Every structure is written in structure tokens, then in C-alpha cells.
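I opened this model to look up a few things inside the fold. These are my notes, in the order I took them.

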Amino acid sequence: TYGENGEKYFSQADILDRVPHVFLILGGCYFAIQVVATMLITFPPNSSVMSIVRREIDEGESETSAIISANLGCKRDIGSDSLEGSSRFSKSPKEILKSVVFYQLCLIFACNLTAVGYISPMYKAFGQEFIQDDRFLALVGAFASVFNCSGRVVWGSLGDRFSFKTVMAILSALSAVLFLSFYASFIAGKVMYTIWVFAIFFVFSGNFALLPAASTRAFGPKNASVNYGLIGVGMVSASIFSLLLTLFLQNILGWFGMFCVCAGLSCIAFVVVAMFSAKTYDGQNV
């Protein structure tokens, strides 16, 4: 990888020779985690089922037989009204392509993820401009992934309590502010740089928690996977656009200019969110 002056960021042969082995180790770790996670996937128990299970156990039934009995007894009743209503409301992929809401979600996704696609690989390159400590930058990146993970839980929780429009507007505004002020860490140093990287990763993680839920609420659960996959077109365009930004504008605009572009994209997302007015099947705000 080369910096703006044409010099290599990394030139030590002993470090570069380890890279292929690191990918193999990472691949093995990811595979093991995915296998364990897949084995643990299950449907959450319904409150009606659990109440029957507790009653059956109190009456002397074994836990296994109580669970089987409860599931058989509640099979037709669990959430029937809600599921029936939302299923009738559900839209097909062909129908959502004619919906303004679909293109609004795509644009929000594309704008926010273009900024994400740029900062995710480039935050360290920016840090290397004024922090001559690669181990420190690696630690910042490692802990930033923790904020990325925990942020999805926090933003998802907010999305459950408030409307998508409210939470996404807050997310987009915070993202714009963080990008606009990130360059100041060049002057402020390590402390501000670390805090801002953590904050940026925490904020942008919300996109991946809020948009799938918004898609399901807006278009119904029946074709949720396919419909969200179509919205994922915004992710594809964002990946291409962030690549073009890095290749062609980085040397022209410099770091501050690129951060302003990312902030501008977040502002566009904010404006689109402000015009977002989708409703769920029962008339609630998405």
C-alpha cells in the first residue's frame, strides 16, 4: 500500500511474508465461529408457549413433554392475528420496485455505506499520517470492531423503541458531524483520533441494524429476504462509489476534502430520511 508521497506504508519483508498465513488463520476462525453460531440458531419461545410449559411442569410433566405439548397446543394460535395482517400487507419484489419507499431506502443505504466503505479501510492510513506507531493503530482498529458490534445492539434497540425515521435521522446527523470534525484529530493527536474512530464505527454500525428492520416493516415479512436483497443494490453501488472516491479523488481532495464528501453523503441521507413517510400494515410509522 502506498501513501500520498509514493512511499510504501509497509516494506518489511518479515511482516509482509506473514500476511498470507494471517488470512488462513482468520478464515479458520471465522469458519469455526460460523459453525458454532449456526448450530445455536433457534426460534425464540413464545410467551404463550412458555406459560403452558410452566403449567405442565407444575402438574408433574417432564420438561421435554411439556415443551412438545405446549408447541402442539399453540401451533395455530401463536401470533395468528399479527401474522395474518402482516402477510396480507406484504409486498412482492415486483411491487416494491414501483414504490418510492424502496428507492428512498436504497439511497439512504448507498449514501451511508459509501462513507462507511471509504472510512473502514482508510482510517488507519489517515492515522499513519501523524501517528508513527503501527501497533497502536492496530489496537485502535481491534477495539473499533467491538464498538461496531455493540453499536448494532444499541441502534437495534433504539429502532425497536422509536421509528426508523427518527433513529436514522439521528444516525445520519451524527455521522456527518463526526466526519466533518475527524480531520481535527490530525492536530489534536492520538486521544481524539481514537475517540473519533470508535465513535464512527459505533455510529455506522446502526445502518446494518436499522435498514433490514425498516425493509420488513415497510414491505411486510413474507418476502423480507428478497426485498432486503434488492435494497442491497445500494450496498453494491456504495462499494463501487467508495472505490472510485479512493482511486480518483483522494490525491485531489486530500483527507479533509474526502471527509467532507463523506459528511455530504450523510447529509443527503438525512434529507432523504426527513422525507421518509412509510407506514406499517397497521398504520404505524416504520
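**Entry 1: a loop serine**

I started with serine 163, which sits in the loop between α8 (134-161) and α9. The model is predicted, and I read it as such. Is serine 163 buried or exposed? I found a relative accessible area of 18% for serine 163, so this residue is buried. The cut-off for buried is under 20%.

I then looked for contacts of serine 163, leaving aside neighbours within four places in sequence. Asn285 and Val286 came up. I also checked serine 163 against leucine 210. They are 47 residues apart in sequence, and their C-alpha atoms are 9.8 Å apart in space.

**Entry 2: the whole chain**

I stepped back to the overall layout. The protein chain has 14 helices and zero strands. I counted 286 residues in the protein chain, of which 36% are buried. For contacts, I took pairs with a separation of 6 or more. Residues 24 or more positions apart make up 78% of those contacts.

**Entry 3: α7 against α13**

Next I picked a helix pair. Helix α7 covers residues 100-127 and helix α13 covers residues 224-231. Their axes lie 9 Å apart, and the packing angle is about 55 degrees. α7 and α13 are therefore oblique to each other. Which residues of α7 and α13 make the contact? From α7 I listed Phe102, Leu105, Cys106 and Phe109. From α13 I listed Tyr228, Leu230 and Ile231. I sorted the contact of α7 with α13 by class: seven nonpolar residues, no polar and no charged.

**Entry 4: cavities**

I turned to empty space. Rolling a probe the size of a water molecule over the atoms shows where such space is left. How many cavities of 30 Å³ or more are there? I got two cavities of 30 Å³ or more.

The largest cavity has a volume of about 50 Å³. Its lining is made of Ala115, Val116, Ile119, Ser175, Leu178, Phe179, Ile200, Val203 and Phe204. The elements that give two or more residues to this lining are α7, α9 (164-182) and α11 (190-204). By class, I noted eight nonpolar residues, one polar and no charged in the lining of the largest cavity.

The second largest cavity has a volume of about 30 Å³. I listed its lining as Asn112, Ala115, Val116, Leu171, Ser175, Phe179, Phe204, Asn207 and Ser266. α7 and α9 each supply at least two residues of this lining. The class count for the second largest cavity is five nonpolar, four polar and no charged residues.

**Entry 5: asparagine 112**

I followed up one residue that lines the second largest cavity, Asn112. Asparagine 112 lies in helix α7. Its relative accessibility is 2%, so asparagine 112 counts as buried. Leaving aside neighbours within four places in sequence, I found asparagine 112 in contact with Met168, Leu171, Ser172, Asn207, Ser266 and Ala269. Among these contacts, Leu171, Asn207 and Ser266 also appear in the lining of the second largest cavity.

**Entry 6: valine 177**

Last, I looked at valine 177 in helix α9. Is valine 177 buried or exposed? Valine 177 has 54% relative accessibility, so I put it down as exposed. I also checked valine 177 against isoleucine 200, which is 23 residues away along the chain. Their C-alpha atoms are separated by 9.8 Å. Ile200 is one of the residues lining the largest cavity.

Technical notes:
Residues are numbered from 1 along each chain as its sequence is written. This is a predicted model: local features need pLDDT of at least 70, side-chain atom pairs count only at pLDDT 80 or more; totals for chains, interfaces and linings use all residues. Side-chain values use heavy atoms; hydrogens and water are left out. Axes are lines fitted to C-alpha atoms, for helices over the stretch in contact, and angles run from 0 to 180 degrees between N-to-C directions. Helices (H or I, at least four residues) and strands (E, at least two) are DSSP runs, numbered from the N terminus. Angles under 35 degrees count as roughly parallel, over 145 as roughly antiparallel, 65 to 115 as roughly perpendicular and the rest as oblique. Contact means heavy atoms within 4.5 Å. Ala, Val, Leu, Ile, Met, Phe, Trp, Tyr, Cys and Pro count as nonpolar, Asp, Glu, Lys and Arg as charged, and the others, Gly among them, as polar. On a 1 Å grid over the protein atoms alone, a cavity is a set of points where a 1.4 Å probe fits but cannot get out, and a pocket is an open set with protein on both sides within 12 Å along at least five of seven lines; lining residues have an atom within 4 Å of a point. Grid points are joined across faces, edges and corners, and a volume is the space filled by probe spheres set on the points. Buried means under 20% relative accessible area, exposed over 50%, partly exposed in between (1.4 Å probe, protein chains only).
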